Amino acid sequence: MAAKLVFPQDNPPLSIISAAKIAVVPITTDPCLPSGSVPTLHFGSGDFIHGVNTVLRYIATTSVSSFYGENAIQEARVDEWLEYAPLILSGSEFEAACSFLDGYLASRTFLVGHGLTVADIVVWSNLRGAGQRWESLRRSRKYQNLVRWFNSVAVDYALEEVTSVYVGKRAIGKSPAPCLKEKMPGLKNTSGHEIDLPGAKVGEVCVRFAPEPSGYLHIGHAKAALLNQYFADRYKGRLLVRFDDTNPSKESSEFVENVLKDIETLGVKYDAVTYTSDYFPKLMEMAECLIKQGKAYVDDTPKDKMNTERRDGVESKCRNSTVEENLLLWSEMVNGTKRGTQCCVRGKLDMQEPNKSLRDPVYYRCNPDPHHRVGSKYKVYPTYDFACPFVDALQGVTHALRSSEYHDRNAQYYRILQDMGLRRVEIFEFSRLNMVYTVLSKRTLRWFVQNKKVDDWTDARFPTVQGILRRGLKIEALIQFILEQGASKNLNLMEWDKLWTINKKIIDPVCGRHTAVLKDKSVPSLTNGPEVPFI
């Protein structure tokens, strides 16, 4: 039966409103009574009841759940809490009452029995209504059992939606770690100053997170994803997720699906998902164009010899081949012939350059393996160094965020853009996230998976996002840990202890800790012992 709750505007009965919401008892509210009046529940029949505890008992008894306890003893205990909470928690004994509650909840999830009752609601509401007195104690973390129970009730039963309407907009029971949206605007570097993207303009920035789908995301990739999100939000720009799928031997649709799953887990919001493979036709046209312009050539030098020549600054015998010779071999590569598989396309840059990344890098190579998206349509695939600047420019990326491990290849990135005749894309470096005693190489992690040293990429011992979440890490802790590192270029070797410390601060207020022993393994009680102890 629908009813109307009338109460004074300056003293809303939070316990009644919250209890009605949880018990799904239809009540409309009308804060029209004068100050000091008693809340009254009016029914359509003309009947009414008044008084906080009376209305609470009505709601508890009309609820379909065991909101008033499961037996007569539990009902009596609920009544005790209804009388106790308003008297103690609103008086001078507030902190003493909190201390008692903290001890009482040390081994309990709820105040009465094994489920939520109206007793939990009335105590919770009186704490919430205490305002700053309770908030100060909650932040001090002095009463962890009480805070854990308070936060758990608030989160599990969405009470903030009710209470914020009457006592302000501050959230209750939230994790100490801010959510991604709240944390990112305050991201700072180690010097305490915000880091700016060079030449960035609000509303015009476009960044991209470009993982290779050759494994699951690990904690290092998470940092790159979150920093891209931060700058996209800060400059009110766009964030693209682009899969760098240029190596069919290592990539699969499984990895694509799980990378997107991990991105969603991290709370990263993107504008579009694209693939480098979408640009294969244009990339092949560009490679052929560079060959015709004499800015690239086809080389059949064996791999080991080519590496030695690059290291020593020795030009390849194919470097001065004619355009016609190069195009003929390029055709062999495109068709995947035996002769073509012996070749690769190299950029004609500078073999005497001290920065060895500019010593005629490889642009294209043959690979007969089928691609997870385009099948066996292509026999040649671009390298990351060739495809990345090209696709960045075509997609309108303004700033390419890269970890500092690629620093020596930045000059190569700009030189390739210049030879292609494309606009400049600014590179912004940040330090790679390194963890002590932790392997972050996907090649090594893949070896563990392929050789059955672990169950799969989600193994709890792995530094993958899914792996460390299985180990008990809260995603809020991971986000906070990564964003605290900021976009600094300083290289740091991070300890796992710091991450788990953040995690502990998040889960302690909402997760009770209990110790138990199996009954059949317990030590029996000793009887008939000596009256006087002896050694």
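V345 stands opposite Y364 in β10 in this predicted model. Strand β9, residues 344-347, pairs with β10 in the antiparallel sense. The pairing runs over 3 bridges.

**The antiparallel sheet**

Strands β9 and β10 belong to an open sheet of 4 strands. Its order is β8-β9-β10-β11, and the pairing is antiparallel. Which strands stand at the edges? They are β8 (296-299) and β11 (380-382). Each has a single partner strand, so one side of each is left without a neighbour in the sheet. Neighbouring strands here are turned by 20 degrees against each other on average, direction ignored.

**The parallel sheet**

A further open sheet has 3 strands. They follow the order β5-β6-β7 and pair in parallel. The edges are held by β5 (206-209) and β7 (272-275). Both have a single partner strand, so each keeps one side without a neighbour in the sheet. The twist averages 35 degrees from one strand to the next.

Strand β6 covers residues 238-243 and pairs with β7 over 4 bridges. The sense of that pairing is parallel. V241 stands opposite V273 in β7. In general, strands of a sheet pair through backbone hydrogen bonds, either parallel or antiparallel.

A helix lies across this sheet. Helix α11, residues 253-265, lies across β5, β6 and β7. Its direction is about 155 degrees to β6.

**Helix α16 and its cover**

Helix α16 spans residues 410-420. Which of its residues are buried? They are N410, Q412, Y413, I416, L417, D419 and M420. An α-helix has 3.6 residues a turn, so residues three or four places apart point the same way. Several elements cover the buried residues of α16. Among them are helices α12 (280-292) and α15 (384-394). Strands β10 (362-366), β12 (399-403) and β13 (426-430) are also included. G421 follows α16, and its phi is positive, near 75 degrees.

**E429 and its polar contacts**

One of the covering strands, β13, holds E429. Is E429 buried or exposed? Its relative accessible area is 11%, under the 20% limit, so E429 counts as buried. The E429 side chain makes a polar contact of 2.8 Å with the side chain of H407. A polar contact of 2.6 Å joins the side chains of E429 and N410. N410 is itself one of the buried residues of α16.

**C388 in helix α15**

C388 is found in helix α15, another element that covers α16. C388 is buried, with a relative accessible area of 4%. What does C388 contact, leaving aside its neighbours within four places in sequence? The partners are R208, R242 and Y413. Y413 is among the buried residues of α16. R208 falls within the span of β5, 206-209, and R242 within that of β6, 238-243. C388 and L417 are 29 residues apart along the chain. Their C-alpha atoms are separated by 9.7 Å.

**Positive phi in two lysines**

Two lysines have positive phi values. K236 has this feature although it is not a glycine, and K452 is likewise a residue other than glycine. The table sets out their places and values.

| Residue | Phi | Loop between | Relative accessible area |
|---|---|---|---|
| K236 | about 50 degrees | α10 (219-234) and β6 | 63% |
| K452 | near 60 degrees | α17 (442-450) and α18 (465-470) | 70% |

Are these lysines buried or exposed? The exposed class starts over 50%. K236 is exposed at 63%, and K452 is exposed at 70%.

**How the two domains meet**

The protein is divided into domain 1 (3-167) and domain 2 (203-522). Their C-alpha centres lie 53 Å apart. How many residues are in contact across the boundary? Domain 1 brings 9 residues, and domain 2 brings 7. Between them the domains bury about 580 Å². Carbon and sulfur atoms account for 52% of that area. On the domain 1 side, R141, Q144 and R148 supply 62% of the area buried against domain 2. That is more than any other three residues.

Definitions and conventions: Residues are numbered from 1 along each chain as its sequence is written. This is a predicted model: local features need pLDDT of at least 70, side-chain atom pairs count only at pLDDT 80 or more; totals for chains, interfaces and linings use all residues. Side-chain values use heavy atoms; hydrogens and water are left out. Two strands pair if DSSP finds at least two bridges between them. Helices (H or I, at least four residues) and strands (E, at least two) are DSSP runs, numbered from the N terminus. Axes are lines fitted to C-alpha atoms, for helices over the stretch in contact, and angles run from 0 to 180 degrees between N-to-C directions. Contact means heavy atoms within 4.5 Å. Buried means under 20% relative accessible area, exposed over 50%, partly exposed in between (1.4 Å probe, protein chains only). A polar contact is a pair of N or O atoms within 3.5 Å; within protein, one must be able to donate a hydrogen and the other to accept it, and residues adjacent in sequence count only if both atoms are side-chain atoms. Domain bounds come from an automatic or database domain assignment. Buried area is the accessible area (1.4 Å probe) that two parts lose on being put together, summed over both.
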